[in-house]
Amino acid sequence: MRALETQPSAELGCLKYLTNPHYCVKLTKSSMFWDPNLYDTKHSFVWERGAELIDLLAPAAGERILDLGCGTGHLTAKIAAFDSETIGIDSSPAMIAEASRNYPALHFEVADARDFWFDRPFDAIFSNAALHWITEPERVVESVHEALKPGGRFVAEFGGKGNVQALVQAFYDSLQLLGRASTEVKNPWYFPGIAEYSSLLESHGFEVVFATLFDRPTPLDQGQEGMRNWITMFAGAFCAAIPPERRDAFVRRVEQLLQPSLFRDGGWYVDYRRLRIVARKI
Ligand code: BEZ
């Protein structure tokens, strides 16, 4: 397969840099904030919640299946357990290194979802909690289409229209309160509705056979610290717009704004909304 070189981009800081400069390695856009350890220890819900999607995929023995945006490989391994020939790809070298350590018998590759290519087509392409990170969805859909056999299925779940709406609003409000223009940070995520994403698939040679958009408020671990950890892991684009010495104030402001709606019974919830979709290549 061809794994594309990633484009170096501006270094992005992260919150823990405030207290421990060794915590953050230099980051490029493609690997931004992907600390596999933080991902697996404090945000395991990302892949644990994805297990339901495997039921929808219904892997069969002998099928060739691609896990697109495989992270640390836990769902890839669950799919492979159906005796399918499963490959995991992710744009983050750190995630792929961890996936290979976790599951040395499986095949993982660093690759870009917008431009990947394999010499043999797949029966199915699976993707959990990855596609909202890619703001060029047409390129992803084109690559997926090209990589599937005719009749092959694309089974994906990611953030849908309205996902993390309260959080995004709190990020922009807090930026403004700290004197930054909201135009300074472009929303880094892609959260389409059913109609938008189905149209995209249909215009690229797919037939959509199932689509649903549903709220999935998700509890975070670590009590009071949960939101701070989530921001550290996932909201680097917003943190990077704030000078390091003001990031802690930024996060505290976000927490204050969200407390009434997203903190209950001693813990934080994230206002996730999932788009779950199954399409077939025509
Ligand atoms: C999500 O899984 O919906 C998500 C994760 C991180 C940032 C934004 C959305």
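These are my notes on confidence, the ligand shell and two helix packings in this structure.

**Model.** I am looking at a predicted model, where local features need pLDDT of at least 70, side-chain atom pairs count only at pLDDT 80 or more, and totals for chains, interfaces and linings use all residues. Residues are numbered from 1 along each chain as its sequence is written.

**Confidence.** I looked up pLDDT, the predictor's confidence in each residue, from 0 to 100. The protein has a mean of 87, with 88% of residues at 70 or more. Over residues 1–31 pLDDT stays under 50.

**Ligand.** I listed the residues near the ligand (C-beta atom, placed from the backbone, within 6 Å). They are A129, H132, G159, N163, V164, W189, F234 and Y272. I sorted them by class: Ala, Val, Leu, Ile, Met, Phe, Trp, Tyr, Cys and Pro count as nonpolar, Asp, Glu, Lys and Arg as charged, and the others, Gly among them, as polar. The shell holds 5 nonpolar, 3 polar and no charged residues.

**Helices.** I took helices as DSSP runs (H or I, at least four residues), numbered from the N terminus. Axes are lines fitted to C-alpha atoms over the stretch in contact, and angles run from 0 to 180 degrees between N-to-C directions. For α9 (residues 226–234) and α11 (residues 247–262), the axes come within 10 Å and cross at roughly 125 degrees. Helix α7 (residues 165–177) packs on α11 at about 140 degrees, with axes 9 Å apart.

I call α7 and α11 oblique, because angles under 35 degrees count as roughly parallel, over 145 as roughly antiparallel, 65 to 115 as roughly perpendicular and the rest as oblique. I noted α9 and α11 as oblique too.

Definitions and conventions
Two residues are in contact if their C-beta atoms, placed from the backbone, lie within 7 Å. Helices (H or I, at least four residues) and strands (E, at least two) are DSSP runs, numbered from the N terminus.
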